[in-house]
Amino acid sequence: MEIQFQEGGHQQWKADILLAPALEGDNALEKCPELDAACPWLAVAPAMRDVRHRQGEMAVIYGHPDLNIPRVLFLGLGKKEEFSLQDLRLAVGKALQQCRELRLSSVLLPLSILASLPCGRDRLLEEVIYAAHLGLYQGNFYKKIDASAPKDPEYFYLAATTLPSASQNAARRGEHAAKATLLARRLANLPANLLTPADLADEAQSLAKSFDLSCSVLDEEAMLNLGMGALLSVGQGSVHPPRLVVLEHAPREHAAEAPLVLVGKGICFDSGGISLKPAAKMHQMKSDMSGAAAVLAAMTVIAQEKLPKHVVGILACAENMPGGASVKPGDVVYAMNGESIEITNTDAEGRMVLADALCFAKKNYSPGILVDIATLTGACAVALGDELAGLFSDESFLVEHIKAAGQTAGENFWLMPLWKNYEQKLKSDIADICHTGPREGGAINAALFLKHFVDDICYAHLDIAGVDWQEKATSLCPKGATGFGARTLIELARGGLE
Ligand code: BES
Ligand code: MN
Ligand code: ZN
């Protein structure tokens, strides 16, 4: 679906359907005289008497088929006091799905209609565009093509007498964020036989090329030379060898700055390894690279928007499989910083690949800010459920920035403790550190393990296990990978982080 800006009066509006978001109890025609003027038939349409704009309610009102605007779709947003951007997103997603069902090819949103909603116009516009794209994602890529299935609307017109560049930029921001979320979602939904670590690195390289990012890929040998024993141990049981992908956005005037470094967990399949997972839901572990997908997707937008900031993205990619060559419980390996790690459960592989990626980031890029994002622990999902991601950081300003970025993105983060006293639970009798602690406090133990490899750098860890995947479809996302985190990272880079 293509977004098109249309400047001019309502006399020029022409589309298969007009979208009209409205609050419960509002008379949409009084609130937006332009709508009344464009569709004078609405005021006398008998069906209008039944439209209440309750939250989630949709109503299509029909005019004569020969009219420039033959249909109006009212999106109920509920009571003004209870208005939320998430309800708006959900309503828009559903509306676009309805437009597809109706086999319409063009949709028009008059900007003036947003004036009655309790939020700034451009902010609303950004979310409408974001949600419109999300709502149309289906992800049924492996089904036979059904020629009779309804197609996505072709055009989304934004109509206003004049369209200030601020509004156009807002729409573009929404579109970019949506495309990134959908890219992350697509990658995370890819079956593990179709997306190995090398495939993920190839994807990164080709995206880097189209978005003008620099990209380098380390293979096993390169990682061996760097001493990345922790990352390599995870992949050694798989026939698909690991990769470390480094993406860099370094605009000339900012190249010398200490970068924002984003590190993503890229486990293309997590069987648990020798500490094999139970069969139920194991297929979900094809999305154990959601963190890497979010970083990669965010980097494309950071480059596309030429953000005035030095940003580095690192994807730590491997496949965790059982086999004769696999790492075993009880093994000791050496991370890039020279420290020995005792492995007691090969299913705690995410922190192993991240440990080396964090060391690598620290050594090669001296990050100003370092953020990792990972489907790291079932414990985090148990603690926070499927709507909240865990945020671990001791830096209060970074916590505020990430929460704010998440709020803008419609992705919620909850501050979790890096409880110092639990560090002792990671003590090993035989090595410098053990990679797992007790089951209790599992998400915290994992976060403390990562923090150990970061030390003094301004750092946050985002645990997205639980939010990266959903069991039930919503109007913004079908069942499966959600693409969570991509947009938060974009907003973080867009925002005034210093
Ligand atoms: N990828 C999993 C975590 C996960 C679980 C993500 C469910 C999404 C949904 C991770 O690698 C893992 O297996 N963690 C273990 C750690 C444990 C062995 C210390 C876990 O959470 O059980
Ligand atoms: Mn695991
Ligand atoms: Zn995992």
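This tour moves from a mixed sheet, through the helices that pack on it, to a crossing of two helices.

The model is predicted: local features need pLDDT of at least 70, side-chain atom pairs count only at pLDDT 80 or more, and totals for chains, interfaces and linings use all residues. Residues are numbered from 1 along each chain as its sequence is written, chains are lettered from A and ligands numbered from 1 in the order in which they are written, and side-chain values use heavy atoms, with hydrogens and water left out.

**Stop 1: the sheet**

Begin by displaying the strands. Helices (H or I, at least four residues) and strands (E, at least two) are DSSP runs, numbered from the N terminus. An open sheet of 6 strands appears, in the order 1-6-5-2-4-3 and with mixed pairing; two strands pair if DSSP finds at least two bridges between them. Strand 1 (2–7) and strand 3 are the edges, and each has a single partner strand, so one side of each lacks a neighbour in the sheet. On average, neighbouring strands of this sheet are turned by 25° against each other, direction ignored. Angles here run from 0 to 180 degrees between N-to-C directions, and axes are lines fitted to C-alpha atoms, for helices over the stretch in contact.

Helix 3 packs on this sheet and touches strand 2 (17–22), strand 3, strand 4, strand 5 (106–110) and strand 6 (155–160); contact means heavy atoms within 4.5 Å. The direction of helix 3 makes about 150° with that of strand 4. Helix 5 also packs on the sheet, where it touches strand 1 and strand 6, and its direction makes about 170° with that of strand 1.

**Stop 2: strand 3 and Q98**

Next, select residues 58–62, which form strand 3. Its side chains alternate: A59 and I61 point to one face and are buried, whereas M58, V60 and Y62 point to the other and are not. Buried means under 20% relative accessible area, exposed over 50%, and partly exposed in between (1.4 Å probe, protein chains only). Strand 3 pairs with strand 4 (residues 71–76) in the antiparallel sense over 5 bridges, and R71 in strand 4 is the bridge partner of Y62.

Now select Q98 in helix 3 (residues 85–101). Not counting residues up to four places away in sequence, Q98 touches M58 and V60. Q98 counts as partly exposed, at 26% relative accessibility.

**Stop 3: helix 5 and helix 14**

Select residues 165–189 for helix 5 and 486–494 for helix 14; their axes come within 8 Å and cross at roughly 140°. The two helices are therefore oblique to each other; angles under 35 degrees count as roughly parallel, over 145 as roughly antiparallel, 65 to 115 as roughly perpendicular and the rest as oblique. At the interface, R173, H176, A177, A180, T181 and A184 of helix 5 meet A486, R487, I490 and R494 of helix 14.

**Stop 4: E126 and E491**

Finish with E126, in helix 4 (residues 121–136). E126 is buried, with a relative accessible area of 4%. Leaving aside neighbours within four places in sequence, E126 is in contact with A170, R173, G174, R487, E491 and R494.

From there, step to E491 in helix 14. E491 is buried, at a relative accessible area of 11%. Residues up to four places away in sequence not counted, E491 touches E126, A405, T408 and A409.
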